[in-house]
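Here are a few exercises to work through with the model open beside you. Try each task before reading its solution.

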Amino acid sequence: MGKPKIYIDGQSGTTGLEILQRLQDREDIELLVIDDALRHDDAERRKMFEAADLAFLCLPDQAAREAVDLAEGSGARIIDASTAHRTVWTYGFPELDHRQEEKIRTADKVANPGCHATGFIAAVAPLSRGGLLKPDTQLTAFSLTGYTGGGKRMIAEYEGAKTEQMLAPKAYGLDLNHKHLPEMKTVCGLEKAPLFIPVVDDYPRGMLVMVPVASEQLTRPLSLQEMQDHFRQWYQGTAVAVQEGQPGLYAGDKAGTDDLELFVTGAESGSGFVIAARFDNLGKGACGAAIRNMELMLGLDTGQ
């Protein structure tokens, strides 16, 4: 067999462009690149899907749904980086539990997680799926992200004619209707969506998602040590590094990597905890995660 052929539908966006840059020098795949003048031509896109073993969709939600229809019957396996299929397709977070990696390996359609959702799910799934979180509890979450998570328009704003206001952090999504909420709720098996506040700040890359958990929200009392041990056991043998709590965390310390660190901190008495996930919003939060899912689906040797 020859090298697997990869097509990126939406290669000019922030996510598509970074995936393209990451893949173009790899020797274990063949990258199919559509002529820029034809990237909106459905007939040419269909040819790309038919030639590909796997395709990335780096498109807005509705365009991603239309691309799935266009690719139907082509034989290409798909990784969708949009929000469109995250509650219905195989979820592309291999560390979710001991079965998820195999599900991704055998799936024809994988939904790449959202960046904020990646951190929230990393922090909450071990509690909810491990039977430690009351199912009817409503969690609160805060997420600090670099501006590259906002795509080309936001990048242009922060790196161009930046206003004085933009020197300070900006909270947004204050209508509590962020697009990542459905996957946060569904993947974690929560009865109620979290109260989620994202914040963007004047730095390019890096994300810190923080989830406070009160002892009253747990199904049984836990000490800080017991909570840390639970997370270590849950993520044992995965790429998620569980760390002890620190008095302060900088959101950008994992920028430029595909790593995810999880910090379990709080009161020694167990009266309350803060679970914090730190990673790169374009690494583990987007492009790095998508490429890892590709490697699993195609059986490529990554050394992990």
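A contact here means heavy atoms within 4.5 Å. This is a predicted model, where local features need pLDDT of at least 70, side-chain atom pairs count only at pLDDT 80 or more, and totals for chains, interfaces and linings use all residues. Residues are numbered from 1 along each chain as its sequence is written, and side-chain values use heavy atoms, with hydrogens and water left out.

**Exercise 1.** Find what share of the contacts between residues at least 6 apart in sequence join residues at least 24 apart.

*Solution.* Take the contacts in the protein between residues at least 6 apart. Of these, 71% link residues at least 24 apart.

**Exercise 2.** Work out how much of the protein is buried (under 20% relative accessible area, 1.4 Å probe, protein chains only).

*Solution.* Start from the 304 residues of the protein. Buried residues account for 50% of them.

**Exercise 3.** Describe the largest nonpolar core, a set of buried Ala, Val, Leu, Ile, Met, Phe, Trp, Tyr and Cys residues joined through side-chain atoms within 4.5 Å.

*Solution.* Step one: the core holds 41 residues, and among those touching the most other members are Phe120, Met227 and Phe231. Step two: helix 5 (115–128) and strand 12 (260–266) are among the elements that give two or more residues to this core. Helices (H or I, at least four residues) and strands (E, at least two) are DSSP runs, numbered from the N terminus. Step three: helix 5 gives the most, with nine residues.

**Exercise 4.** List some partners of Phe231, leaving out residues up to four places away in sequence.

*Solution.* Phe231 touches residues including Ala122, Pro126, Val242 and Ile275.
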